[in-house]
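Me: I'd like a close look at one small part of this protein, and how it fits into the rest. Could you walk me through it in plain words?

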Amino acid sequence: MAGELSALVLTADGLLSGALVEIFVASVRDGYVQVSAFVAVTVLAFSYVQYKTRGALVERLEANRRYQPLVGALMGLTPGCGGAIVMMPLYIRGTVSFGTVVATLIATAGDSAFVILALAPEAALYAYAMAFGAAILSGYAIDRFGMGVGRVDRAVSRIQPAATDGGTAASVVGRSSNPAHEYDGETPAHTHESGPDRESAILTPLSHAVHVAWWFAAVMALGLGITYLARGAPEVPLTIGVDFAGLFTIVGITGTTLSFYLYLVGRHYIGEGQVGRARESFASLYGTFQHAAMETSFVTVWVLVAYLAYEYPVALFELDIAAIAAAAGVLAPVGGALLGLIPGCGPQIVLAGAYAQGGIPFSALVANAISQDGDALFPLIAIDKKAAIIASIYTTIPALIIGVALHFLWGPVFGLESFGFGVLGG
């Protein structure tokens, strides 16, 4: 009996180990083909515009102050954090209003936008349209009426003094500029291409070669990804060969492996040592492609983390994430909004991956899309921590209001499913 029990335990362990390995390999493959290839195209397009215009986009924004909250919302709406990161130094210099900062951050969906756009495009359209509307209304309301920024400013002052001399969020309410936020020296948005911080006779040329190979993989993955969507996002078996499924696996694993190399090693030897930091322009076309590859590699790493953070607990503990979120009720969108307070894109990508897997309701996705600030908050934190705290508060308020409202109205009024809305193949 003991021998049979031991054999059963070993068999169960073997099956579980095999399942965990399969989940890992599938996540490595799917993340690159389903998400990263589309991220690369978007980031490259935005970077190419910056390269061709030599920063003229930013100059026009500074000259048209009346439209700043609107333009800020549009910049934030661009997938990724690039457009929003460009806006933060402009506030620090005193050339855009605090309402513009809030509008930009509310509209910003960060790198998690790539996940939702690739896996749930209809949900992305609804969620980011709501975030865009909330961004415009909030931005203009703050600039025109103040919306209590002064009181919040004074309250935050008791906790965190401003990092700049006299710089406060309240001092820019209703105005287009703030001399107190003038910033001498290089701003957090790099206007130059960041060079390598390490040199190696072997790793430097190897890293450039990996960068070129990465783009070949990205082009192939884009073709496979488009074909995958055109076929209705079917289940793709884990096989190796020259057919669609085989190439899907080979290109996906290769692309993710190259992405990890670029993110962990290559960026130190060919430049772009700091990811998640936009620049106003690029000095060369090669630098433009290099920036897009590095930013996409960063997203690839976090997408894999998101996939595994969802899939492994579900497999190990046989969790029904959708049932747990449904039981949470109105706390689900509240949690999504509060998660958005965390700077950076990693936790937000995890949440987006959970939604794509049917694990959280649409109200939580929208609340997080409105509340999160992505990497755009980091430049503001570095220069004016108090303004960053206040901006985070003012992005969370509409997130809570709209998220909770959707929880009660989405199904009864619009007649749409709260879980899996807009997910391809769902």
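Among contacts in the protein chain between residues at least 6 apart in sequence, what percentage join residues at least 24 apart? And then, what is in contact with Val366, leaving aside its neighbours within four places in sequence?

Reply: Before we dig in, this is a predicted model, where local features need pLDDT of at least 70 and side-chain atom pairs count only at pLDDT 80 or more, while totals for chains, interfaces and linings use all residues. Residues are numbered from 1 along each chain as its sequence is written, and side-chain values use heavy atoms, with hydrogens and water left out.

Now your percentage: of the contacts (heavy atoms within 4.5 Å) between residues at least 6 apart in sequence, 82% join residues at least 24 apart. Val366 gives you an example of such a long jump. Val366 and Leu406 are 40 residues apart in sequence, yet Val366 is in contact with Leu406. From C-alpha to C-alpha, the two are 8.6 Å apart in space. Val366 also touches Ala127, Met130 and Ile402.

Where does Val366 sit? Look in helix H15, residues 362–371. Helices here are DSSP runs of H or I, at least four residues, and strands are runs of E, at least two, numbered from the N terminus. The protein chain has 17 helices and zero strands.

Is Val366 buried or exposed? Its relative accessible area is 0%, so Val366 is buried (buried means under 20%, exposed over 50%, partly exposed in between, with a 1.4 Å probe and protein chains only). Zooming out, 52% of the 426 residues in the protein chain are buried.
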